[in-house]
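Trainee: Could you take a close look at one part of this protein with me? I would like to look at the largest pocket, and at the chain around it.

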Amino acid sequence: MTLAEVLAGATAYLAARGVESSRLDAERLLARGLGVTRLELYTQHDRPVTEAERDVVRELVRRRGAREPLAYVLGDWDFRHLTLKTDGRALVPRPETETVVERCLALLEGIDAPRVVDVGTGSGAIALSIAHERPDAEVVATDVSPDALALARENAAENGLDLVFVETDLLDGVGGPFQLVVSNPPYVLEAELDGLDDEVRTFEPRAALVDRGQTARLAEQARSVLDGWLVLEVHEHRAGEVRDLLLAAGYAAVSIGLDLAGRQRVVEAQWLQISNTP
Ligand SMILES: C[S@@+](CC[C@H](N)C(=O)[O-])C[C@H]1O[C@@H](n2cnc3c(N)ncnc32)[C@H](O)[C@@H]1O
């Protein structure tokens with residue numbers, strides 16, 4: 001079989017299993033399996049694919065056809081300027097989270113050597129990006145999941161970044177002050193789980209998805225370590241609720257930000273020790 005034939009077969013297989021971006025996914029899996037670029041799939045379209053190569057590709061395509069997220073099948077995923085290892089130990093980093101990092105970087109502008117903590121770091125996406133883009137920052141990353149932390153540590157090592165990782169519940173035992181507390185906490189309500197995409201519900205860790213009151217608890221806890229900004233990624237329909245929660249907790253300068261698709265996905269607020277010391 002030629003490369004073009006294998007690509008056509010893989011695309012049809014994925015489409016028949018309901019994969020929306022079947023052509024693109026087939027290209028990425030084939031390119032990965034054969035160790036070529038996507039462009040080379042076309043410039044070498046008539047090159048024969050050996051049986052051994054087909055076995056490798058078949059396994060990748062089979063996994064994607066079972067609706068495992070593309071990022072898990074590929075085993076890595078781009079997030080801002082980094083390539084992160086991705087597997088079932090942590091949530092796949094999402095594009096809207098890149099907007100969260102952007103807000104963090106904007107708020108840190110002009111602050112020398114800021115101390116930052118990313119709560120619920122998962123793959124490490126937020127913490128590692130901040131460490132990468134603000135090399136003078138001291139970055140701490142927490143997670144309650146030892147699996148997620150192991151993955152985040154691997155990602156730090158792969159990218160040559162130096163962070164402090166802490167296995168804990170939110171900020172328990174983590175000493176401030178921090179100029180920035182950032183988090184993309186789980187924000188799917190138990191009742192909303194059935195409405196989630198199959199790929200998310202079946203493959204991504206439950207502990208990364210389900211809201212067990214982490215946002216509200218973090219808003220309370222962060223005040224004791226914060227001397228600066230709290231930045232939270234939120235469910236697109238609950239930004240107003242989180243804003244009200246932060247106002248009620250006494251935060252100042254509370255505002256809602258939009259992601260690239262114009263959805264209300266980021267809430268930020270300020271807590272300064274000087275304004276809150278009696
Ligand atoms: C929505 S995922 C976000 C992962 C990553 N920060 C990202 O943006 O891709 C939420 C993360 O919070 C962690 N988590 C859930 N409850 C937690 C808690 N009580 N304390 C610390 N981390 C928690 C989960 O293990 C998961 O890694």
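Mentor: Gladly; here is the pocket, followed by the chain that holds it. Please keep in mind that this is a predicted model. The largest pocket encloses about 580 Å³ of space. Its lining is made up of 37 residues, and those closest to the centre are Gly120, Asp143, Pro186, Ala207 and Ala208. If you trace the lining by element, strand S3 (115–119) and strand S4 (138–143) each give at least two residues. The helices that also supply at least two residues each are H7 (125–133), H8 (146–158), H10 (206–209) and H11 (214–222). Among these contributors, look closely at helix H10: the largest share of the lining, 3 residues, comes from there.

Now step back to the chain as a whole. The protein chain folds into 12 helices and 9 strands, and its C-alpha trace spans about 75 × 40 × 30 Å along the principal axes. Of its 278 residues, 47% count as buried. Contacts between residues 24 or more positions apart make up 64% of those with a separation of 6 or more.

As for the surface, the protein chain exposes about 12,800 Å², with carbon and sulfur atoms supplying 52% of that area. Charge is worth a glance too: there are 29 positive and 47 negative side chains, and the centres of these two sets lie 4 Å apart. To return to your pocket, a good place to start on screen is its centre, with Asp143 and Gly120 among the residues closest to that point.

Note on methods:
Residues are numbered from 1 along each chain as its sequence is written. This is a predicted model: local features need pLDDT of at least 70, side-chain atom pairs count only at pLDDT 80 or more; totals for chains, interfaces and linings use all residues. Side-chain values use heavy atoms; hydrogens and water are left out. Helices (H or I, at least four residues) and strands (E, at least two) are DSSP runs, numbered from the N terminus. Buried means under 20% relative accessible area, exposed over 50%, partly exposed in between (1.4 Å probe, protein chains only). Contact means heavy atoms within 4.5 Å. Accessible areas come from the Shrake-Rupley method with a 1.4 Å probe; for residues, only the protein chains shown count as cover. Lys and Arg count as positive and Asp and Glu as negative; His and the chain ends are not counted. The place of a charge is taken as NZ of Lys, CZ of Arg, CG of Asp or CD of Glu. On a 1 Å grid over the protein atoms alone, a cavity is a set of points where a 1.4 Å probe fits but cannot get out, and a pocket is an open set with protein on both sides within 12 Å along at least five of seven lines; lining residues have an atom within 4 Å of a point. Grid points are joined across faces, edges and corners, and a volume is the space filled by probe spheres set on the points.
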